[in-house]
Amino acid sequence: MSENVQRRYSAGAMTLHWLIAIAVIANWRIAESAEHAEMPAKMEIFGYHKALGIAILVLTLGRLLWRWTHPVPPLPSSLASWERVLARAVHVIFYVLLIGLPLGGWLANSFNGREIDFFGMFTIPALPVGENKELGESIYEAHATGGEVMIYLIALHILGALKHTFFDKTGGLWRMLPWGKV
Ligand code: HEM
Ligand code: HEM
């Protein structure tokens, strides 16, 4: 590979990647603790889960906008073709879930006739879909399943990053961090 080929993600891509990663893991833990809490704490904790979920939606739209306007480093040419396909497939599914989970949550919340309180700063209105608790419930079920799928994919994504960093030494983590050898 010639020296002038970009090997790292841009600073903006790195910043958004790590912000979104922390927010997603936090939001998963918040959803779990809400599930195990009693009313009225349950409602309050889900309130944080919903607000953080909307923040993730906004960060992801920013991430995609950034991705379309800044060069993305090509995957290292030493990757096996199955690794290339698997890595890209996981990335695409991440973007689908990062948009689909919060939009689905917002939609289900709207079918229950609820607004979202954004950390006490402002209110995000319900989408104009009318009330339909049954449909809201089904969407929430799909949402919880999608959230679980995401957790397994995150585990796979981390294993892949560690393999490419410490076994294959093809860059791995350092492609998403401003230091280290790529
Ligand atoms: C927890 C939620 C996470 C999400 C949703 C996520 C999502 C993504 C996405 C969508 C990409 C592709 C970037 C692009 O080409 O647009 C990516 C790349 C990457 N992620 Fe994550 N990530 C997460 C956590 C992590 C963690 C914990 C690590 C480290 C252990 C990590 C390491 C990396 C690395 C090294 C890349 C660059 C892959 C390459 O070589 O091209 N990610 N991530
Ligand atoms: C990227 C953002 C989001 C992620 C990663 C996420 C993830 C999750 C996960 C993993 C669960 C399952 C918890 C469990 O079963 O123990 C869950 C449940 C839930 N989420 Fe989200 N969520 C996000 C955004 C939202 C938003 C924006 C809302 C609402 C506006 C929302 C509302 C809910 C509710 C009410 C449940 C409980 C569903 C049920 O079990 O009936 N989530 N979420």
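In the predicted model, the shell around ligand 1 draws at least two residues from each of helix H1 (11–35), helix H3 (81–111) and helix H4 (133–167). The contribution of H1 is the greatest, at 5 residues. In total, 20 residues surround ligand 1, and the closest are Ala21, His91, Phe94, Ala161 and Met176. By residue class, this shell comprises 13 nonpolar, 5 polar and 2 charged residues.

Ligand 2 is surrounded by 25 residues, of which Ala31, Lys50, Gly53, Gly105 and Gly147 come nearest. Two or more residues of this shell come from each of H1, helix H2 (41–69), H3 and H4. The shell around ligand 2 is made up of 14 nonpolar, 7 polar and 4 charged residues.

The protein chain contains 4 helices and 2 strands, arranged along the sequence in the pattern α-α-α-β-β-α. Along the principal axes, the C-alpha atoms occupy a box of roughly 60 × 30 × 25 Å. Buried residues make up 15% of the 182 residues of the protein chain. Among contacts with a sequence separation of 6 or more, 65% are between residues 24 or more positions apart.

Helix H1 consists of 25 residues, and its end C-alpha atoms lie 36 Å apart; this agrees with the expected span because, at 1.5 Å a residue, H1 should span 36 Å. The buried residues of H1 are Leu16, Val24, Asn27 and Ala31, and they pack against H2 and H4. Ala31 is also one of the residues that come nearest to ligand 2. Residues three or four places apart in an α-helix point the same way, because such a helix has 3.6 residues a turn. Val24, Asn27 and Ala31 are among the buried residues of H1.

Helix H3 has 31 residues and reaches 44 Å from its first C-alpha to its last, close to the 45 Å expected at 1.5 Å a residue. Its buried residues are Leu98, Leu101, Pro102, Gly105, Trp106, Ala108, Asn109, Ser110 and Phe111. The cover over these residues includes H1, H2, strand E1 (116–118) and H4. Of the buried residues of H3, which include Gly105, Gly105 is listed with those nearest to ligand 2. His91 and Phe94 are among the residues closest to ligand 1.

Glu83 also lies in H3. This residue counts as partly exposed because 17 other C-beta atoms lie within 10 Å, where 20 or more would be required for a buried residue. Between Glu83 and Gly160 the C-alpha to C-alpha distance is 8.6 Å, although the two are 77 residues apart in sequence.

His164 is placed in helix H4. With 22 other C-beta atoms within 10 Å, His164 is therefore buried. Apart from neighbours within four places in sequence, His164 is in contact with Thr170, Gly171 and Gly172. The separation of His164 and Leu79 is 85 residues in sequence and 8.9 Å in space, C-alpha to C-alpha.

Several backbone features were also examined. Most residues other than glycine have a negative phi, and most peptide bonds are trans. The bond joining Met39 and Pro40 is a cis peptide bond, with omega about 0°; Pro40 is in the loop between H1 and H2.

Two residues that are not glycine have a positive phi: Phe119, at about 45°, and Lys169, at about 55°. Phe119 is found in the loop between E1 and strand E2 (122–124). Phe119 is exposed, because 12 other C-beta atoms lie within 10 Å and the limit for an exposed residue is 12 or fewer. Lys169 belongs to the segment after H4. Lys169 has 14 C-beta neighbours inside 10 Å and so counts as partly exposed. A positive phi, of about 75°, is also taken by Gly113, just after H3.

Technical notes:
Residues are numbered from 1 along each chain as its sequence is written. Chains are lettered from A and ligands numbered from 1 in the order in which they are written. This is a predicted model: local features need pLDDT of at least 70, side-chain atom pairs count only at pLDDT 80 or more; totals for chains, interfaces and linings use all residues. A residue is near a molecule or strand if its C-beta atom, placed from the backbone, lies within 6 Å of it. Ala, Val, Leu, Ile, Met, Phe, Trp, Tyr, Cys and Pro count as nonpolar, Asp, Glu, Lys and Arg as charged, and the others, Gly among them, as polar. The expected span of a helix is 1.5 Å times one less than its number of residues. Two residues are in contact if their C-beta atoms, placed from the backbone, lie within 7 Å.
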